[in-house]
Amino acid sequence: AMAALPDLGTQYRTPDGVSPSMSYAVEFATTGTYYVWLRLYASDNNSKLIHVGLDGSSSRTQARGMHTAVQNAWTWTSTRLGGGSGSAVLDVATAGEHTINVWMGDDGAYVDKVVLTTDPGFVPTGYGPPESPRSGGAFHAMGIDTASALALPDEFALEGNYPNPFGSATTIRFAVPEEAQARLVVYDMLGRHLVTLADGEVAPGRYEVRWDASDQPTGIYLVRLTAGSFVATQRIALVR
């Protein structure tokens with residue numbers, strides 16, 4: 001996965017060699033238009049941009065400035081800034097090996113998977129399709145996934161946080177085996193609501209949500225996940 005940290009509010013509107021980056025060698029069996037999807041996490045509206053390019057070049061008319069309007073949750077997006085209908089694409093002119101480049105548009109953003117598909121109607125969910133052997137077919141998927149990570153969960157779970165104890169921020173994990181309304185909330189030990197980290201309908205899959213607790217004192221906090229009829233609460237420790 002790639003994370004542009006620390007989050008200082010820096011924006012990389014063009015891939016200028018300063019932004020963190022990842023590159024993938026991909027063997028394309030066919031030419032044509034490939035639709036680009038990212039699994040992206042943004043903690044706020046200033047941490048939402050990713051640039052995707054082909055062979056070291058980023059085009060304003062294709063997959064540059066991909067972004068999400070969803071905050072504090074992993075989401076799939078194919079939307080690009082100023083793109084009319086918004087679909088991000090890469091035009092592959094020749095078959096054979098090409099390089100897919102992923103650059104940060106905003107520091108503070110996270111991305112852990114990229115999917116290229118020739119099917120304009122395909123929409124990934126959860127962790128998306130398994131990583132492609134990069135030898136043709138309807139899509140190429142690139143990421144850090146393993147077979148165990150890709151398996152959809154078979155039960156609801158609040159899977160803990162890392163690091164724990166933590167100094168200022170931590171990532172909380174949860175799993176849903178079916179489409180559900182999921183709400184993830186942090187309380188103090190007196191039961192007072194501090195922050196809602198996620199609240200909305202989610203697809204089956206595993207999710208990670210980051211909590212920045214830099215404005216909170218040392219202590220024990222309660223994280224509660226409500227998803228459908230499932231409710232679970234765990235303690236997490238903030239230590240400075």
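The legends below describe close-up views of a predicted model, moving from the whole protein to one sheet, its strands and a single valine.

**View 1. The protein as a whole contains 1 helix and 17 strands.**
Of the 240 residues in this predicted model, 49% count as buried. Among the contacts between residues at least 6 apart in sequence, 67% join residues that are at least 24 apart. The protein exposes about 10,900 Å², of which carbon and sulfur atoms supply 49%.

**View 2. An open sheet is formed by 4 strands in the order E2-E8-E4-E5, with antiparallel pairing.**
Strand E2 (21-28) and strand E5 (66-67) stand at the edges of this sheet, and because each has a single partner strand, one side of each is left without a neighbour in the sheet. Following the order of the sheet, E2 pairs with E8 (residues 96-104) in the antiparallel sense over 8 bridges, E8 is joined to E4 by 5 bridges, again with the strands running antiparallel, and E4 pairs with E5 in the antiparallel sense over 2 bridges.

**View 3. Individual bridge partners show how the strands of the sheet are matched, beginning with tyrosine 24 and isoleucine 100 in E8.**
Where E4 meets E8, isoleucine 50 stands opposite methionine 104, a residue of E8. Where E4 meets E5, leucine 49 has histidine 67 in E5 as its bridge partner.

**View 4. Strand E4 (residues 49-54) is largely enclosed by the rest of the structure.**
This description of E4 follows from burial, because 6 of the 6 residues of the strand are buried, where buried means a relative accessible area under 20%. Both faces of E4 are covered, with Leu49, His51 and Gly53 buried on one side and Ile50, Val52 and Leu54 buried on the other.

**View 5. Valine 186 is a buried residue of strand E13, which spans residues 180-188.**
The relative accessible area of valine 186 is 0%, and since buried means under 20%, this residue counts as buried. Leaving aside residues up to four places away in sequence, valine 186 touches Arg192, His193, Leu194, Val195, Leu197, Trp211, Tyr221, Leu222 and Val223. Arginine 224 lies 38 residues from valine 186 along the chain, yet the C-alpha atoms of the two residues are separated by 6.4 Å.

Terms used. Residues are numbered from 1 along each chain as its sequence is written. This is a predicted model: local features need pLDDT of at least 70, side-chain atom pairs count only at pLDDT 80 or more; totals for chains, interfaces and linings use all residues. Side-chain values use heavy atoms; hydrogens and water are left out. Buried means under 20% relative accessible area, exposed over 50%, partly exposed in between (1.4 Å probe, protein chains only). Contact means heavy atoms within 4.5 Å. Two strands pair if DSSP finds at least two bridges between them. Accessible areas come from the Shrake-Rupley method with a 1.4 Å probe; for residues, only the protein chains shown count as cover.
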